[in-house]
Amino acid sequence: MEWTETLRRTVDYLEAHLLEDGAAEGAAQAVYLSPLYLQKGFKLVTGYSMGEYVRHRRLYLAGLEAIAGREKVIDLAYRYGYDTPESFSKAFSRFHGVSPAQLRQCPERLVPFLPLKITLSIRGGHGMDFTVEKMEGFQLIGVERGASPETSYQELPKFWDEFISAHCKPMWAGKSPETALEKAVCECNIGEFGVCIDDGSLPDRFRYLIAGKYDGREVPEGLTVVTLPAMEWARFRCSGPMPEALQSVNTKIFQEWLPGNPEFEIAYGANIEWYSMEKDTSAADYESEIWLPVRRK
């Protein structure tokens with residue numbers, strides 16, 4: 001399905017299921033796309049996560065009902081997905097700046113949040129520096145953690161900081177690898193790849209690995225091996241300091257390349273970030289890449 005139409009159908013689905021739990025997961029099924037990619041693309045194009053969009057729409061509708069004054073706060077809370085009137089009132093006040101009772105007295109304080117209209121401007125996505133390569137299946141080994149699409153931009157940098165502090169800095173300081181895990185980190189270049197996998201094994205979350213190339217060794221405790229099948233990968237080159245260069249290219253992929261590309265669409269629930277093993281990630285010429293699994297339309 002063409003990317004712009006995918007996003008339009010996603011908004012339509014969310015609007016039709018605003019008051020239901022699991023609307024984001026249902027939307028991914030409705031447009032036949034991995035929740036990982038749909039969540040990421042929705043956020044990059046609209047500026048909202050799918051969860052934020054649903055919450056904002058609910059609070060706007062709750063505001064309209066509060067102004068009408070026909071429902072009690074407790075009824076509004078349960079209708080719009082909150083466990084208690086207190087949690088609803090706090091969220092309502094953060095969004096509108098006033099309580100439900102105050103909004104009824106001052107309806108001009110209502111904060112509108114209308115359904116999104118998806119209109120994308122194509123700005124030269126084909127000028128991006130990328131290649132499409134058919135690759136045989138391969139295996140990666142690394143440290144794994146589950147991450148939420150809602151909070152991954154906060155979770156994953158912390159995960160990397162923990163990994164670097166625990167496993168990289170001691171080696172950079174001259175420590176020789178001693179344990180099986182330390183040897184795997186050094187000899188398999190764990191840290192060369194960041195891998196997102198959405199295989200449905202973690203409800204409402206995706207798998208993320210800080211990884212390197214697996215060489216067939218016995219897998220040390222604390223590490224995981226993943227196998228990625230043979231497929232075509234679109235490899236987008238990034239040059240510049242981290243994370244700005246990578247984030248910029250990632251945004252262009254979803255805002256320009258996917259909607260403007262007549263030949264390829266996402267084929268599999270995974271993506272890979274490749275990092276050169278240079279230590280200075282702030283260098284102007286630091287090299288990295290984003291790999292997306294694609295198929296021809």
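This is a guided tour of a predicted model, moving from its nonpolar cores to two helix contacts and then to a few backbone features in loops.

Begin with the interior by selecting Ile-190, Tyr-208, Phe-236, Ile-253, Phe-254 and Trp-257, which are the residues with the most contacts inside the largest nonpolar core, a set of 74 residues. Then add helix 4, residues 50–68, which gives the most to this core, with 7 residues. A second core, separate from that one and made of 16 residues, can be found by selecting Met-135, Ile-197, Met-231 and Trp-233, which are among its members. As general background, nonpolar side chains in soluble globular proteins tend to be buried together.

Keep helix 4 on display and add helix 3, residues 35–46, whose axis comes within 8 Å of the axis of helix 4 and crosses it at roughly 65 degrees. To view the contact itself, show the side chains of Leu-38, Gln-39, Phe-42 and Lys-43 from helix 3, which meet Met-50, Glu-52 and Tyr-53 from helix 4. Coloured by class, this contact between helix 3 and helix 4 has 4 nonpolar, 1 polar and 2 charged residues.

Next select helix 8, residues 152–172, together with helix 9, residues 180–187, which pack with their axes 11 Å apart and at an angle of about 80 degrees. The two helices, 8 and 9, are therefore roughly perpendicular to each other, as angles of 65 to 115 degrees are counted. On the helix 8 side the residues to show are Phe-163, His-167 and Met-171, and these meet Leu-181, Glu-182, Val-185 and Cys-186 of helix 9. The residues of this contact divide into 5 nonpolar, 1 polar and 1 charged.

From helix 9, follow the chain into the loop that leads to strand 3 (193–197) and stop at Asn-189, where phi is near 55 degrees, a positive value in a residue other than glycine. Asn-189 is partly exposed, with a relative accessible area of 34%.

A further positive phi, near 60 degrees and again in a residue other than glycine, is found at Tyr-32, which sits in the loop between helix 2 (23–30) and helix 3. Tyr-32 is exposed, with a relative accessible area of 71%.

For the last stop, go to the loop between strand 6 (231–239) and helix 10 (244–260) and select Pro-243 along with Met-242, since the peptide bond from Met-242 to Pro-243 is cis, with omega near 0 degrees.

Methods:
Residues are numbered from 1 along each chain as its sequence is written. This is a predicted model: local features need pLDDT of at least 70, side-chain atom pairs count only at pLDDT 80 or more; totals for chains, interfaces and linings use all residues. Side-chain values use heavy atoms; hydrogens and water are left out. Axes are lines fitted to C-alpha atoms, for helices over the stretch in contact, and angles run from 0 to 180 degrees between N-to-C directions. Helices (H or I, at least four residues) and strands (E, at least two) are DSSP runs, numbered from the N terminus. Angles under 35 degrees count as roughly parallel, over 145 as roughly antiparallel, 65 to 115 as roughly perpendicular and the rest as oblique. Contact means heavy atoms within 4.5 Å. Ala, Val, Leu, Ile, Met, Phe, Trp, Tyr, Cys and Pro count as nonpolar, Asp, Glu, Lys and Arg as charged, and the others, Gly among them, as polar. Buried means under 20% relative accessible area, exposed over 50%, partly exposed in between (1.4 Å probe, protein chains only). A nonpolar core is a set of buried Ala, Val, Leu, Ile, Met, Phe, Trp, Tyr and Cys residues joined through side-chain atoms within 4.5 Å.
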